[in-house]
Amino acid sequence: MRYESTRGNREYKSSTEAIIRGIAEDRGLYVPVEIPALPLKIEEMRGKTYQQIAFEIIHAYFDEYTDSEMKSCIEGAYDGKFEDPQIVPVKKAGGAWFMELYHGKTAAFKDMALSILPYLMTSACRKEGEKDKICILAATSGDTGKAALAGFANVDGTEIIVFYPQKGVSQVQERQMVSQEGDNTHVIAIRGNFDDAQTGVKKIFADDEMKKKLAAEGIKLSSANSINIGRLVPQVAYYVYSYVKLTEEGALKEGDPMNVVVPTGNFGNILAAYMAKEMGLPIGKLICASNENNVLTDFIRTGVYDARRQFYLTSSPSMDILISSNLERLLYLLSGRDGKAVSDWMKALEADKVYEVSKKVREGLADFYGGFCTEREAREAIAALWNEEGYLVDTHTAVAYKVYRDYAEETGDETPAVIASTASAYKFAESVADACGLDVGKVKVLANSAAEPTGFDYVKALEKATGVRVPSGLRDLEDKPVLHDRVCAKDEMSEVVMEVLE
Ligand SMILES: *Cc1c(COP(=O)(O)O)cnc(C)c1O
């Protein structure tokens with residue numbers, strides 16, 4: 001399988017090269033020259049484990065890896081680190097199926113891909129005879145950072161630098177990152193929002209001068225964001241897995257359509273669902289759920305991507321994004337792989353923060369439904385699922401659930417729907433506790449604290465009130481020492497990277 005850039009420079013790379021580089025030389029994103037078909041029929045996948053299905057799906061894209069190389073990547077990634085032996089349990093609640101993607105080490109769905117990326121990357125380096133040290137740069141809205149740090153900590157031949165928006169992540173998310181151990185890990189807060197962090201990282205990737213200087217020191221930059229194809233492909237596997245599970249449960253007959261609902265930020269997760277559909281998985285609608293930063297809702301409805309709007313900090317911070325990187329891949333695929341058009345749209349986005357896609361792309365968007373959810377509606381969704389169903393969801397998953405209800409009501413579509421449940425409720429304990437009716441007074445009593453409750457007190461109180469177990473990665477977090485405390489301006493990111501690497 002070869003990989004090409006979304007911006008049309010027609011340089012073909014192997015999967016291993018694409019994974020090591022992260023981003024193409026013309027600043028485009030790598031996509032496979034063709035989307036492979038499902039390697040097995042649904043009935044042949046029945047009864048298979050998550051690991052077995054992931055092996056088949058990932059190997060179909062990354063076929064340079066030998067069977068035994070791929071097997072050891074899968075085994076290293078999806079092991080006892082996951083607190084549920086099924087890896088991705090699929091649970092029914094509120095008239096939908098919740099695909100729980102958050103049972104990995106850092107309690108968010110980013111673990112699904114970032115548990116395997118370091119294995120894919122180091123294996124790729126061995127295969128390519130790569131001598132340079134690989135420095136992973138990541139911008140994070142909270143969850144990618146910790147998952148990438150946990151995946152790459154102390155991995156030989158790598159260094160990892162994570163930038164996060166100083167005021168844009170929850171206290172729990174921040175402590176998860178700044179308490180990260182490992183000689184090769186670096187965590188830096190920036191004075192800015194997630195888009196600033198992401199733009200800064202992309203600028204560094206495009207800075208030839210800087211790359212030359214680093215090359216002289218034997219260092220190559222790569223990405224752990226979902227712009228890296230090695231992040232995206234492992235995410236395709238869980239859509240296939242949950243379809244198979246639903247047929248095992250009798251909720252679907254083989255070939256019946258299944259809708260998917262994805263709380264969306266950078267468009268990586270829902271793009272993986274689209275790729276699963278293109279592989280032949282019977283997916284009906286792809287329901288793209290946004291919070292009040294609803295640029296994608298408008299885009300799906302109108303074909304105009306307009307980022308000239310107010311940016312909101314919401315209780316679902318991993319979706320507080322106005323520039324969705326992975327949309328570029330969808331535009332490329334829907335435009336019939338028109339690199340010139342994609343490149344023009346991306347230039348317009350950079351210069352004017354707005355572009356309008358062609359009729360062809362707009363027609364392709366018919367597979368998608370876009371909806372958004374306000375802060376109040378997200379709180380109500382959490383309360384309804386908890387009070388009526390005894391099912392606890394985080395703020396991002398709540399956004400998806402609400403948009404799913406809107407979709408079902410608006411269209412009357414009764415196709416079984418799988419909702420991507422992207423984080424443990426405890427990562428956003430303060431918002432979830434509040435939605436469940438735990439006011440400050442109750443939290444103080446439950447957490448045994450006299451002072452204003454911290455993010456950690458909310459975790460304790462929510463566990464006492466609901467009886468739902470706190471994931472082990474989030475337990476006793478407040479006792480973990482802060483090992484990283486650096487803050488920089490958003491235009492100092494390059495200097496910081498050079499300093500860290502020297
Ligand atoms: C990253 C993240 C999302 C958004 O996923 P994208 O692939 O960026 O669209 C949603 N929810 C949570 C909890 C996340 O961490």
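Which residue has a polar side-chain atom 2.9 Å from a nitrogen atom of the ligand? In this predicted model, that residue is Thr422. The ligand is enclosed to a high degree by the protein, which covers 98% of the 380 Å² of accessible area that the ligand has on its own.

The backbone also takes part in the surroundings of the ligand. A polar backbone atom of Gly265 is found 2.8 Å from an oxygen atom of the ligand. For Gly268, the separation between a backbone N or O atom and an oxygen atom of the ligand is 3.2 Å. In Thr422, by contrast, the polar atom in question belongs to the side chain.

The site as a whole was then examined. The ligand occupies the largest cavity. Around the ligand there are 15 residues, and the closest of them are Lys110, Asp143, Gly265, Asn266 and Asn269. Sorted by type, the shell consists of 8 polar, 5 nonpolar and 2 charged residues.

The overall fold of the protein contains 22 helices and 16 strands. The protein is as compact as a globular protein of its length, because its radius of gyration, 21 Å, is close to the 23 Å that the globule rule gives for 502 residues. The C-alpha trace of the protein spans about 60 × 50 × 50 Å along its principal axes.

Definitions and conventions. Residues numbered from 1 in each chain as written. Predicted model: local features only at pLDDT ≥ 70, side-chain atom pairs only at ≥ 80, totals over all residues. Heavy atoms only, no water. Near = heavy atom within 4 Å. Polar contact = N/O pair within 3.5 Å; in protein donor to acceptor, adjacent residues only side chain to side chain. Areas by Shrake-Rupley, 256 points an atom, 1.4 Å probe, with all protein chains shown as cover. 1 Å grid on protein atoms, 1.4 Å probe; cavity = no way out; pocket = protein on both sides within 12 Å on 5 of 7 lines; lining within 4 Å. Sits in = over half its atoms within 2 Å of the grid points. Nonpolar A, V, L, I, M, F, W, Y, C, P; charged D, E, K, R; others polar. Helix = DSSP H or I, 4+ residues; strand = E, 2+ residues; numbered from the N terminus. Rg over C-alpha atoms; globule rule 2.2 N^0.38 Å.
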